Amino acid sequence: MMNFRKIAAASKGALILRYFTENTPEPIHDAPVDAAGRQLEDGDRMTSYYTGRDSRATWRPDMPALVARTIGIDPRLMPRDQEMSRLFEGRRADNGEAWSQHKRKLSGFDIVFSPDKSVSLAAEFAPTPAETALIWNGVDRAVDRAMRYLAQEVGWARKGAGGEDGADPGAVGWISFRHHTARPTLQVQDGPNGETYLFEAPVAGDPHIHIHNFLMNLVVTAEGRVGSLDTRALTDAKVKEFGAYFQAVLADELRRLGVKVGYDANKQAVVIERIPEHAKTAFSKRDRQILHKAKAFADSQGLAWEDLSAEKKLDIMEEASAEGRLGKMKADEKRIWREQAQALGWQHSSVLKDVEYEALSDGTRFDRAYRFAAARLVEEFETAAVIDHDKLGMYAARGLIGVGIAGGPRDIKHVVELIEERGIQMKGEHVALIVGMTDSKVRVTNTVQVRIEEKLANLARASPRDKSAALSTKAIKAAIARCGYTFTHEQRAAIHVLAEGGALTMLTGVAGAGKTTLLEPLVAAWKADRRFGVNGREVIGAAMAWRQADALQDAGIERTFALSNLLAQVESGEVRPTRNTVLVLDEASQIGPRSLLKLLELQTRSGMTIKMLGDREQAQAIEAGDSIEILRRVLPPEALPELLTTMRQTTRRGREVAGLFRDGEAGQALTMKRADGHAMMVGGDRDQVVARIADLYIARRDILMASGAKRGVTVSAPTNDDVADISRAIRERLKARGEIAEAETLHQAIDQRGQVYDLALAVGDRVRLFRRTWGTVDGRGQQVGNNGDVVEVLRQSAETLRIRTKNGDVAEIEWRRLRDQKTSR
């Protein structure tokens with residue numbers, strides 16, 4: 001795999017150095033040199049290098065002379081600490097001056113390549129040092145070729161503003177650091193108001209080969225012009241392509257050694273098949289409590305952790321580690337690993353010469369790689385109408401992992417050409433790919449998607465002309481008067497357009513504009529309309545999820561469905577829409593073209609009316625395509641009412657800020673919110689930031705509860721791990737206040753990604769349901785919650801969980817109804 005991080009030129013180079021070198025000191029004495037001025041090394045370092053035990057730095061093996069002169073190094077000599085510290089700050093290694101007159105925000109990128117865990121274990125537990133060296137050599141060769149491929153793509157010095165005058169190819173350089181162990185990564189702040197840096201904890205880790213490459217942010221052209229890397233090539237798909245290229249080259253290297261290899265479970269990496277899964281799992285653990293232990297050690301020394309510099313914090317961690325305060329020590333890790341293997345009953349033997357591989361012709365290789373890539377593209381087009389062209393290269397490279405990549409990047413290009421030429425098979429139908437430019441990017445769609453969207457557009461174009469089921473102005477005015485709400489002029493206009501419009505009308509509006517509220521008089525007017533039935537119109541509500549659909553009941557719609565359930569019941573005949581039916585679709589942005597096409601085809605057969613509400617800027621459809629954009633292109637303006645004023649923000653400034661966020665001006669919006677005291681920028685390590693978020697949550701929650709408000713506070717974070725850490729911090733505070741009981745029960749759980757963990761539950765905990773859930777209320781069986789509902793734990797027994805639902809009901813749920821069917825967790 002490959003990942004990368006940006007390195008700011010304003011960083012402290014000495015701290016970056018400690019991270020890359022794993023705090024390994026440089027040699028006290030310089031090594032001797034040969035007649036050509038090349039530095040010689042003793043046997044110890046050579047042995048360490050070839051067995052993956054050397055984390056000191058090496059220059060790019062063939063560092064271009066143009067780059068070496070620009071950055072002030074002699075590539076024949078090993079890198080020194082002061083030289084690298086300066087380079088990390090975007091300065092020359094020899095005199096500390098800037099690389100060029102152009103000031104850089106970034107000094108470079110940390111490009112990291114790592115093989116599957118099986119490769120690391122095969123190297124670490126190899127029966128001989130020679131075998132370890134062979135495997136490490138294969139990894140080194142794969143990294144070197146991958147870095148060269150990456151350099152070809154980003155090594156362009158752009159001319160003019162944003163490259164408007166083109167770009168010239170140039171030379172680039174990097175420094176490599178070989179790491180053999182995965183240790184917990186810590187975020188450490190440099191003093192109370194300083195920057196935050198990443199470091200690996202100085203404790204025993206797990207075997208994990210990974211090579212860091214500091215790719216310097218400069219390109220030197222043949223004419224001597226110094227520019228910055230063209231990082232436009234570092235798209236998500238292209239980064240994954242570089243990672244797949246590394247894996248494909250590594251697979252070739254392992255096959256050359258006779259190692260039996262295959263794909264990992266995700267078909268993204270090469271694995272050594274002799275290494276068992278239980279061994280890989282056992283050697284893939286991390287201790288997330290290292291930072292807590294280091295802070296406790298500092299406190300025992302009378303030191304305030306938050307006030308310390310990053311250098312001092314690292315020194316304290318080294319001292320605490322040497323005393324065994326942080327857990328198992330680095331010096332013991334090889335012994336610990338062998339004890340773990342013995343406890344597992346795993347005895348490893350050589351992986352060399354396990355198998356002889358047949359030589360495949362280029363035609364066979366390319367055909368198999370094409371078929372691999374085509375199958376993955378079919379999966380892509382199930383959820384995306386248009387994809388970046390770079391994804392073709394990504395899947396082509398992954399396909400070549402299994403068959404060889406002797407031709408290097410040219411092989412990827414050849415497979416991409418086959419994909420474009422042959423197309424793909426979707427549900428037994430041959431589908432051609434269509435390549436074009438959108439927003440200055442090369443993108444790809446397919447003929448099936450185009451056909452679906454064209455058919456959808458044609459049906460949608462005809463529906464608004466049918467106004468035979470529209471309500472009268474008099475009827476809707478009377479309904480508005482009866483409902484008791486005071487609507488804005490904008491909302492009243494939207495109500496009239498929905499009521500008096502054709503068979504298909506779509507109301508779009510900003511979040512908080514009151515789209516759902518204005519349904520109430522409409523539903524009442526439809527139910528009072530007896531032109532097509534003596535009991536008035538049949539009003540049905542639907543949305544992608546049950547929770548969203550059931551929210552429509554607040555507007556008076558009794559029959560609500562998740563969209564998939566509605567379509568299934570229509571197909572089975574349980575639901576039979578007629579001309580008397582009004583279907584209200586909420587959260588329309590989440591409904592993909594395929595599903596909407598089925599509804600419009602149903603409308604054509606039944607004559608029902610469809611009214612849609614949505615906001616394109618909110619959650620998008622999982623299914624491929626953008627239904628709202630298609631309808632915007634074909635529906636007349638009178639069928640597309642809009643609400644542009646939010647009602648949730650009660651002040652003019654609040655509405656202005658909300659508008660800036662919607663328009664993509666997040667920087668200006670955040671500046672305004674910080675000035676108003678509604679947003680804050682928090683620095684520090686992970687624990688410090690999580691603690692500030694948890695404290696803010698508690699403070700805002702207390703204010704809401706004291707005011708009698710029924711609404712709660714939500715927390716959003718980038719990753720599931722972030723959410724889990726914040727939740728734990730909030731829970732700790734609530735337990736300390738007695739709002740959550742001390743006694744708790746651990747339950748084996750599994751999340752939607754398949755990750756297993758232990759879930760602690762206690763009385764007072766609030767947890768989320770992840771599917772429509774059946775239980776009993778007052779002894780009667782009924783649905784007690786939907787996916788996304790947050791419920792409160794009231795009691796646990798061996799058979800049931802008692803909860804308070806979002807509606808305030810007390811319900812009993814059998815544990816079996818909450819368990820995953822496959823794992824019983």
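These are my notes on how domain 2 meets domain 3 in this predicted model.

**Confidence first.** I checked the pLDDT before anything else: the chain averages 88, and 93% of the residues score at least 70. One stretch I flagged is residues 47–53, where pLDDT stays under 50. The model still gives that stretch 20 contacts beyond four places in sequence, but I'm noting them with the low score attached.

**Domains.** I pulled up the domain assignment next. Domain 1 comes in pieces, 2–25 + 55–286 + 327–344. Domain 2 runs over 362–452, domain 3 over 466–638 and domain 4 over 740–817.

**Domain 2 against domain 3.** I looked up the C-alpha centres of these two, and they lie 39 Å apart. The contact takes 9 residues from domain 2 and 7 residues from domain 3. Together the two domains bury about 570 Å², with 55% of that on carbon and sulfur atoms.

Which residues of domain 2 lose the most area to domain 3? I got Thr383, Gln449 and Ile452, which together make up 67% of what the domain 2 side buries.

**Polar links.** I went looking for salt bridges across this interface and the rule finds 0. Residue pairs in polar contact, with both at pLDDT 80 or more, also come to 0.

**Who lines the domain 2 side.** α12 (362–383) and α15 (447–462) each supply at least two residues of the side that touches domain 3. I sorted that side of domain 2 by class and wrote down 6 nonpolar, 2 polar and 1 charged residues.

Technical notes:
Residues numbered from 1 in each chain as written. Predicted model: local features only at pLDDT ≥ 70, side-chain atom pairs only at ≥ 80, totals over all residues. Heavy atoms only, no water. Domains from an automatic or database assignment. Contact = heavy atoms within 4.5 Å. Buried area = accessible area lost by both parts, 1.4 Å probe. Salt bridge = Lys/Arg side-chain N within 4 Å of Asp/Glu carboxyl O. Polar contact = N/O pair within 3.5 Å; in protein donor to acceptor, adjacent residues only side chain to side chain. Helix = DSSP H or I, 4+ residues; strand = E, 2+ residues; numbered from the N terminus. Nonpolar A, V, L, I, M, F, W, Y, C, P; charged D, E, K, R; others polar. pLDDT = per-residue confidence, 0-100.
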